[in-house]
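Me: I'm new to this structure and would like to learn how to read it. Could you take me through it feature by feature?

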Amino acid sequence: MRNLTDQDLAHLLDTPIFHQIGKTADEMGVECYVVGGYVRDLFLERPSQDIDCVVVASQSVREQAGEERPGIQLANTLGKRLGRGAHVSVFRNFGTAQVKYHGSEIEFVGARRESYSHDSRKPIIEDGTLEDDLDRRDFTINALAVCLNEHRYGQLVDRFDGLYDMEDGIIATPLDPDITFSDDPLRMMRCIRFATQLNFRIEDETQAALSRNAERIKIISRERIIDELNKILLSPIPSIGFIELSRSGLLPLIFPELAALEGVEVRNGRAHKDNFYHTLEVLDNVATMGGDLWLRWAALLHDIGKPKSKRWEPVAGWTFHNHNYLGQRMVSSIFRRMKLPMDERMAYVEKLVLLHMRPIAIADEIVTDSAVRRLLFEAGEDISDLMTLCEADITSKNQTRKQQFLDNFQLVRQKLDDLQARDNYRTWKNPITGEEIMQIFGIPPCQEIGQLKQAVKDAIWDSLIPNEYQAARDYMFAQAQKMGLTPVQDPSTLENSKQ
Ligand code: CTP
């Protein structure tokens, strides 16, 4: 965070648009402040395009304006001043208006005071002062305002020591956190999201209120929850958010499958690893390796099938056989419930969950051409992401074993590059078709055709024969002979007719 004086703020806001807003407010006889995230991000040096402004109108100005809300009135007047480049949208139901101007989006709203009656969740909204408006915001770091009126241009209003909290890296609510969270339970997700994005600590009272109010998250729509969850996932260290979600009791409510990964069971002195913390380690690794949102989702879900596949076997101990298959099958129900896109992005996550153990299995053995080719074929264009996920999954605490894996992994990567350069297995097609086999041997569709095609595929992938038509055909004939099949015509004539 950087320290900014009012003079610095005036300098940073020294752009024509902010001055125009200030002049318009002066003419209307109202106060106007830029507030919330935009001000916070000036201090945190995070560039932002979305600007929120609060307009404070005195009783007499409000009476003169009649029905017109102060935010809407200012936006309309500003729109006229700015001329052709400006586009004003009015949301009369909310008493707000938006001005789009040269890539900036500026939202105007009148200062508000909210009070909640016991019988209804619907707030009663009245016009209020700037102080009323800042009181009802979510966090101290979001309750900052900078004046745009010309005689106070750049003056900061910080009622709740938001700057100190920003300096100390603390997320805290301006008012009693039980009130702030119960007014809008989405703020619990926002609290954890900001803590994760900024790597801030959640203040103790605020933390305790998260646990007390967790159940209230149920009234928030899935779309708004997933929006916050995706922001947590896209943070530099996403595990911070998931640990907080678990600590506050929100995780089982919004994501029971992930919460089920938590915990260690011990039997006969043998324990399995805590799959929740392991998953978070993999997720952080993928984030460090630059993974996008969907690769991060794949990391989060890679072991999601483990609780359902967990078994105790007297000799082997804890096993999780087929957890990748079970996990892959769980992806669609999770995506559907969470209102995530059920398109090719989901198919990508499913594929990675299914295949996440394959590269490591290859690296654990002798790295053969055929094994790498099969992997290349199944992963297709997602091979590089699969390799990233698998490498991120190596979280062994045994350094020698970890190094051994990483070295072998290098070998798999090297082989992948070599093979990709040599032949393109991603779009591999068997040079011999079933149609051709039926013609040559005069047979109807039958299982021998599949067996012959499979034999050719295996021979090519195991590098027994080159990936070429003639070699594949010769090999097919040899195999067919062993199976007792004879061609209806002389093979050499057939060969000529093909060419
Ligand atoms: N706000 C709030 N309670 C909410 C949402 C928003 O009090 N549930 C207030 C905060 O003061 C916030 C401002 O409205 O700073 C603007 O909200 P929004 O644009 O959603 O968030 P930002 O804080 O700007 O941050 P981000 O863009 O990262 O979501």
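Me: Let's begin with strand pairing. How many bridges join E4 to strand E5, and which way do the two run?

Reply: Happy to help, and please keep in mind that this is a predicted model. To read a pairing, look at the bridges and then at the direction of the two strands. Here E4 and strand E5 (residues 104-110) are joined by 6 bridges and run antiparallel. You can follow the register residue by residue: tyrosine 101 stands opposite serine 104 in E5, and lysine 100 is opposite glutamate 105.

Me: What lies between E4 and E5?

Reply: For a hairpin, look at the turn and its backbone angles. E4 and E5 form a hairpin with 2 residues between them. One residue in that turn, histidine 102, has a positive phi of about 45 degrees.

Me: Which strand is joined to E4 by the bridges of another hairpin?

Reply: That is strand E3 (residues 86-91), which is joined to E4 by 6 bridges and runs antiparallel to it. Tyrosine 101 appears again in this pairing, with alanine 86 opposite. E3 and E4 also make a hairpin, with 4 residues between them. In its turn, glycine 95 has a positive phi of about 70 degrees.

Me: How should I read burial in a strand? Is E4 largely enclosed or open?

Reply: The general idea comes first: in a regular strand the side chains alternate between the two faces of the sheet. For burial, we ask how many residues of the strand are covered. In strand E4 (residues 96-101), 5 of the 6 residues are buried, so the strand is largely enclosed by the rest of the structure. E5 is mostly covered too, with 5 of its 7 residues buried.

Me: Which strand runs parallel to E5?

Reply: Strand E2 (residues 50-56) does, and 6 bridges join it to E5. As an example of the register, valine 54 stands opposite valine 109 in E5.

Me: Now a helix, please. Which residues of helix H21 are buried?

Reply: Here is the general idea: an α-helix has 3.6 residues a turn, so residues three or four places apart point the same way. In helix H21 (residues 369-379), the buried residues are Ser370, Val372, Arg373, Leu375, Leu376 and Ala379. Try finding them in the view and see how they are placed around the helix. Just after H21, glycine 380 takes a positive phi of about 55 degrees.

Me: Let's move to the ligand. Where does the ligand sit?

Reply: A good habit is to find the site, then the neighbours, then the individual contacts. The ligand sits in the largest pocket. Two elements give two or more residues to the shell around it: helix H3 (37-44) and helix H9 (186-198). H9 gives the most, with 4 residues.

Me: Which residues come nearest to the ligand?

Reply: There are 13 residues around the ligand, and Arg40, Arg137, Asp138, Asp184 and Arg193 come nearest. Now for single atom pairs. In arginine 193, an N or O atom of the side chain is 2.8 Å from an oxygen atom of the ligand. For arginine 137, a polar side-chain atom lies 3.0 Å from a ligand oxygen. Asparagine 142 uses its backbone instead: an N or O atom there lies 3.0 Å from an oxygen of the ligand. As for cover, the ligand taken alone exposes 560 Å², and the protein buries 71% of that.

Me: Where does asparagine 142 lie, and what does its side chain contact?

Reply: Asparagine 142 is in the loop between helix H6 (130-135) and strand E8 (144-147). Its side chain makes a polar contact of 2.6 Å with the side chain of arginine 40, and another of 3.0 Å with the side chain of aspartate 138.

Me: Why does asparagine 142 count as buried?

Reply: The cut-off for buried is under 20% relative accessible area. Asparagine 142 counts as buried because its relative accessibility is 4%.

Me: Can we practise with one more residue? Is lysine 231 buried, partly exposed or exposed?

Reply: Lysine 231 lies in helix H11 (residues 222-233). Its relative accessible area is 32%, so it is partly exposed. You can also look across the chain: the C-alpha atoms of lysine 231 and phenylalanine 194 are 37 residues apart along the chain and separated by 9.0 Å.

How values were computed
Residues numbered from 1 in each chain as written. Predicted model: local features only at pLDDT ≥ 70, side-chain atom pairs only at ≥ 80, totals over all residues. Heavy atoms only, no water. Buried < 20%, exposed > 50% of the residue type's maximum accessible area, 1.4 Å probe, protein only. Pairing = 2+ DSSP bridges. Near = heavy atom within 4 Å. Polar contact = N/O pair within 3.5 Å; in protein donor to acceptor, adjacent residues only side chain to side chain. Areas by Shrake-Rupley, 256 points an atom, 1.4 Å probe, with all protein chains shown as cover. 1 Å grid on protein atoms, 1.4 Å probe; cavity = no way out; pocket = protein on both sides within 12 Å on 5 of 7 lines; lining within 4 Å. Sits in = over half its atoms within 2 Å of the grid points.
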